[in-house]
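Visitor: I'm new to this one. Could you take me through a close look at a single part, the aromatic pairs, and stay with it for a while?

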Amino acid sequence: MITLLTYTSAILLLYLSALPALYSAYIVFSDRRKPAIQWFIIFMVFAAAWAFLYATMNFVTSEQLTYAIANIFWTVVPATAGAFFLFAYEFTYKQPVSNRIAFLFFVPAIILFALSWVNPGGIIYTAEYTVTDQGILQIGFPQGILFFTIVQGYGYLMTVASTSLFFAEAIHATGKRRRRAAILVIFFIGVLVATTLTIIDYFPSYYDLTSLMYGIAGVYFSHSVIQHGFIQFSPVARDQAFNMIDEAVFILNSENEVIDGNSAAATVFDVDRSAREQIEDILPMTSNTGEIKETFSRTEGRESKYYTTQTQSFVYGRGLVGKLVVAAEITKLKKREEELELVKNVLIRLFRHDIRTSMQVILGQSENLQNDLSDETATELSNIISASEDIVNKAHKIRLIDSVFGEDETVVASLPKMVEDGIEKASIPSNAVVDVSIDDTEVMCHSKFAFAVQELIENAVEHHGPDDQIRIILRTEMGNESVALFVEDNGEGIPENELDVLRREGESQLDHLSGIGLWIVKHLIEKADGVFECSNISNGGTRIRITLPYSDQHDESVSAFLDSPVSDN
């Protein structure tokens with residue numbers, strides 16, 4: 001037992017021990033709406049009461065008064081431990097505890113307070129619980145089962161659990177937050193040591209170091225809150241958002257082990273965040289690359305659910321690499337996509353087969369009737385034939401949309417070869433002249449780029465009169481990073497309504513469908529990271545400019561040429 005503390009100095013030190021706790025509660029009072037601060041204030045008030053009551057019950061000389069104050073003091077001990085745990089829980093998990101749940105942590109203290117005045121059956125105090133002539137409380141051993149369970153058992157349990165929460169926070173936090181949490185762990189371990197020393201009578205019976213350790217830890221915590229923003233809105237918001245978002249989020253270490261995850265990951269994919277599971281045991285992987293599949297389906301209950309994943313690498317610590325994986329459910333989107341695909345197939349079949357076949361019957365029979373009718377009636381029938389041909393052509397455009405939009409492949413291709421293929425497939429009348437001057441280069445383009453060339457040539461022919469001399473020029477201009485392909489004609493230009501289709505990037509009126517060929521071409525070019533530009537020439541005609549990026553092979557050959565030595569000869 002330490003004998004350096006005299007009775008007077010010990011009592012004085014106990015009273016002074018209440019001041020750090022009260023000071024800590026006071027300086028953070030304005031932040032009481034932040035997570036954990038409310039319980040920290042209550043915790044510090046109880047810690048101050050701990051010191052004040054312990055000093056007072058050993059200071060007064062009246063035996064009855066000492067017993068009365070002691071009954072209140074023993075109630076404060078488990079109440080302090082309960083408030084300590086609630087403070088540690090909210091600090092760690094950033095979530096408020098409901099009043100109903102919080103009340104349960106104070107039930108042991110309430111039971112002890114109610115029964116300590118009557119001590120039924122000696123379940124709280126025994127004959128070893130006495131007061132000396134100087135008014136000093138002697139606890140003695142053993143005490144009643146309820147005293148041992150609530151004061152020592154429950155008090156120790158809550159203190160150890162609270163310290164463990166701060167220890168977990170110190171492990172998972174980073175930077176200054178980790179250091180401060182670690183220092184608090186050291187302080188609270190000191191509380192456990194001080195309490196143990198008091199129980200084994202290392203200190204005089206009139207002194208208890210526990211409340212002073214609580215107060216010192218409280219001063220450090222409150223100083224960190226005020227001066228260093230220990231509890232800030234941003235980290236709290238990030239932590240809550242992490243657990244509130246619907247997508248499952250996994251944090252992987254360099255060994256692809258799941259070291260953390262949000263609530264959705266734990267609930268949907270049954271992830272034990274403390275088991276260091278391999279991500280391949282949770283999410284499906286591709287067989288050839290071993291990477292997480294970008295889309296996958298899984299059965300949950302009796303329903304198939306569809307997910308898409310995104311993976312982002314990050315660096316932490318001293319060069320350690322981790323990954324952030326997000327798995328988002330797209331079941332509704334997938335079903336909507338399937339519904340739209342079904343509608344698309346029905347409409348395309350309707351246009352490609354039913355309407356087109358019916359209009360071809362009307363067109364054929366109308367042409368047969370035209371020869372047997374008078375000139376006036378034949379003219380009217382000619383309008384029917386023209387309208388029928390227009391509908392058949394539009395049905396053909398629908399077929400092209402289906403074939404083109406169903407493929408998004410970007411390829412490396414010879415530009416002269418693609419242009420040549422497009423010219424061969426185009427319907428070119430005898431009164432048309434096509435001049436071709438294409439540089440020999442490879443470009444990145446859509447796999448159906450030849451169709452784009454075909455469509456542009458036929459579009460140029462379409463906007464000429466039947467007896468006009470048609471001239472179409474295809475030429476290129478080489479740039480540093482891309483090549484520009486020009487398709488120019490001497491026709492009457494493109495009607496404004498068709499140019500509007502290109503500017504709006506969509507169809508707003510059905511009668512604009514005649515210009516959808518250019519819209520498809522624009523789509524093909526931009527799908528391969530090209531640029532499509534269309535304009536009418538002032539003196540007549542149309543100019544189409546298509547800019548395509550060079551292929552990697554082209555870039556390598558140019559670099560090799562520039563790096564090669566130049567002969568003086």
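Guide: Happy to! Keep in mind that this is a predicted model. There are 33 aromatic pairs in the structure, so let's pick out a couple. Start with Tyr7 and Tyr206: the ring centres sit 5.5 Å apart and the planes meet at 80°, and since anything over 60 degrees counts that way, this pair is edge-to-face. Now look at where the two partners come from. Tyr7 belongs to helix 1 (residues 7–27), while Tyr206 is in the loop between helix 7 (175–199) and helix 8 (210–228), so the pair ties together parts 199 residues apart in sequence. Their surroundings are worth a glance too: Tyr7 is partly exposed, at 27% relative accessible area, whereas Tyr206, at 16%, is buried.

Next, swing over to Phe40 and Phe221. Here the ring centres are 4.7 Å apart with the planes at 45°, so this pair is tilted. It also links distant parts of the chain, with Phe40 in helix 2 and Phe221 in helix 8, 181 residues apart. Phe40 has 1% relative accessibility and counts as buried, and Phe221 is buried as well, at 1%.

While you're at Phe40's helix, check out its neighbour. Helix 2 (residues 37–59) packs with helix 3 (residues 63–93) at about 155°, their axes 8 Å apart. That angle is over 145, so helix 2 runs roughly antiparallel to helix 3. In the contact between helix 2 and helix 3 you'll find 22 nonpolar residues, three polar and one charged. The crossing of helix 2 past helix 3 is left-handed.

Note on methods
Residues are numbered from 1 along each chain as its sequence is written. This is a predicted model: local features need pLDDT of at least 70, side-chain atom pairs count only at pLDDT 80 or more; totals for chains, interfaces and linings use all residues. Side-chain values use heavy atoms; hydrogens and water are left out. Axes are lines fitted to C-alpha atoms, for helices over the stretch in contact, and angles run from 0 to 180 degrees between N-to-C directions. Helices (H or I, at least four residues) and strands (E, at least two) are DSSP runs, numbered from the N terminus. Angles under 35 degrees count as roughly parallel, over 145 as roughly antiparallel, 65 to 115 as roughly perpendicular and the rest as oblique. A crossing is left-handed if the near helix is turned anticlockwise from the far one by less than a right angle, and right-handed if clockwise. Ala, Val, Leu, Ile, Met, Phe, Trp, Tyr, Cys and Pro count as nonpolar, Asp, Glu, Lys and Arg as charged, and the others, Gly among them, as polar. Rings of Phe, Tyr and Trp (its six-membered ring) pair if their centres lie within 6.5 Å; planes under 30 degrees apart count as stacked, over 60 as edge-to-face and the rest as tilted. Buried means under 20% relative accessible area, exposed over 50%, partly exposed in between (1.4 Å probe, protein chains only).
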